[in-house]
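Got your viewer open? Load the model, pick a style that shows side chains, and follow along one stop after another.

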Amino acid sequence: VQLQASGGGLVQAGGSLRLSCAFSGRTFDSYALGWFRQAPGKEREFAAAISWSGGSTRYADSVKGRFSISRDNAKNTVYLQMNSLKSEDTAVYYCAADERYRAVATAPDYWGQGTQVTVSS
């Protein structure tokens, strides 16, 4: 499995960004997908996850109500729509994949490279 994240950048507080992650190498709709983030000096943390069908999602409390994860199984891509961004959302964001929905939010088998999101206050 290969995962390629994109869409990061610099945005003002209160603004929005949409991250994308292109999946290849296996059958996309057999995998649950997730997003994690790592802020400077902090450990990587879970942000959002979506099941293989898209019917189930889960979010970290810190992003609930502001971030939305979705997937397009025709395009083999998972998205993270981030609204009402705060300075504390500044981090490198990573996409991840696992065949097990529970595992994708804790210890996914596959990781993509990160994309930097910087929120200026």
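Start by selecting Cys21. At 0% relative accessibility it counts as buried, because buried means under 20% relative accessible area (exposed is over 50%, partly exposed is in between, with a 1.4 Å probe and protein chains only). Now add Cys95, which is also buried at 0%.

A quick word on what you're looking at. This is a predicted model, where local features need pLDDT of at least 70 and side-chain atom pairs count only at pLDDT 80 or more, while totals for chains, interfaces and linings use all residues. Residues are numbered from 1 along each chain as its sequence is written, and side-chain values use heavy atoms, with hydrogens and water left out.

**Stop 1: the disulfide**

Keep both cysteines selected and show their sulfurs. What joins Cys21 to Cys95? A disulfide does, with an S to S distance of 2.1 Å; the term stands for a pair of cysteine sulfur atoms within 2.5 Å. The pair links distant parts of the chain: Cys21 sits in strand S3 (residues 17–24) and Cys95 in strand S9 (residues 91–98), 74 residues apart. Strands here are DSSP runs of E, at least two residues, and helices are runs of H or I, at least four, numbered from the N terminus. The torsion about the S-S bond is about 55°, so this disulfide is right-handed. Searching the whole structure turns up 1 disulfide, so you can move on.

**Stop 2: a sheet of four strands**

You already have S3, so colour its sheet. The order is S1-S3-S8-S7, an open sheet of 4 strands with antiparallel pairing. Which strands stand at the edges? They are S1 and S7, each with a single partner strand, so one side of each is left without a neighbour in the sheet. From one strand to the next, the twist averages 15° (axes are lines fitted to C-alpha atoms, for helices over the stretch in contact, and angles run from 0 to 180 degrees between N-to-C directions).

Zoom in on S3 and S8, which pair in the antiparallel sense over 6 bridges. Two strands pair if DSSP finds at least two bridges between them. For an example, click Leu19: its bridge partner in S8 is Leu80.

**Stop 3: the core and Tyr93**

Leave Leu80 selected and add Leu33, Trp35, Met82 and Tyr93. Of the 38 residues in the largest nonpolar core, these five touch the most other members. Such a core is a set of buried Ala, Val, Leu, Ile, Met, Phe, Trp, Tyr and Cys residues joined through side-chain atoms within 4.5 Å. Elements giving two or more residues to this core include strand S1 (2–6), strand S5 (45–50) and strand S11 (115–120).

Now go to Tyr93. Not counting residues up to four places away in sequence, Tyr93 touches a list of residues including Leu19, Trp35, Arg37, Leu80 and Val117. Contact means heavy atoms within 4.5 Å.

**Stop 4: three arginines**

Pick Arg37 from that list. Arg37 lies in strand S4 and is buried, with a relative accessible area of 6%. A polar contact of 3.0 Å joins its side chain to that of Tyr93. (A polar contact is a pair of N or O atoms within 3.5 Å; within protein, one must be able to donate a hydrogen and the other to accept it, and residues adjacent in sequence count only if both atoms are side-chain atoms.)

Next, select Arg66, in the loop between strand S6 (57–59) and strand S7 (67–72). Buried or exposed? Arg66 is buried, at 11% relative accessible area. Leaving aside neighbours within four places in sequence, its contacts include Met82, Ser84 and Asp89.

Then find Arg26, in the loop between S3 and strand S4 (32–38). Arg26 is partly exposed, at 47%. Its side chain makes a polar contact of 3.2 Å with the side chain of Tyr31. Try a distance label too: the C-alpha atoms of Arg26 and Tyr93 are separated by 22 Å.

**Last stop: two positive phi angles**

Select Ser84, in the loop between S8 and S9. Ser84 is not a glycine, yet its phi is positive, about 50°. Ser84 is partly exposed, at 41% relative accessibility.

Finish on Asn76, in the loop between S7 and S8. Its phi is near 55°, a positive value in a residue other than glycine, and Asn76 counts as partly exposed at 28%.
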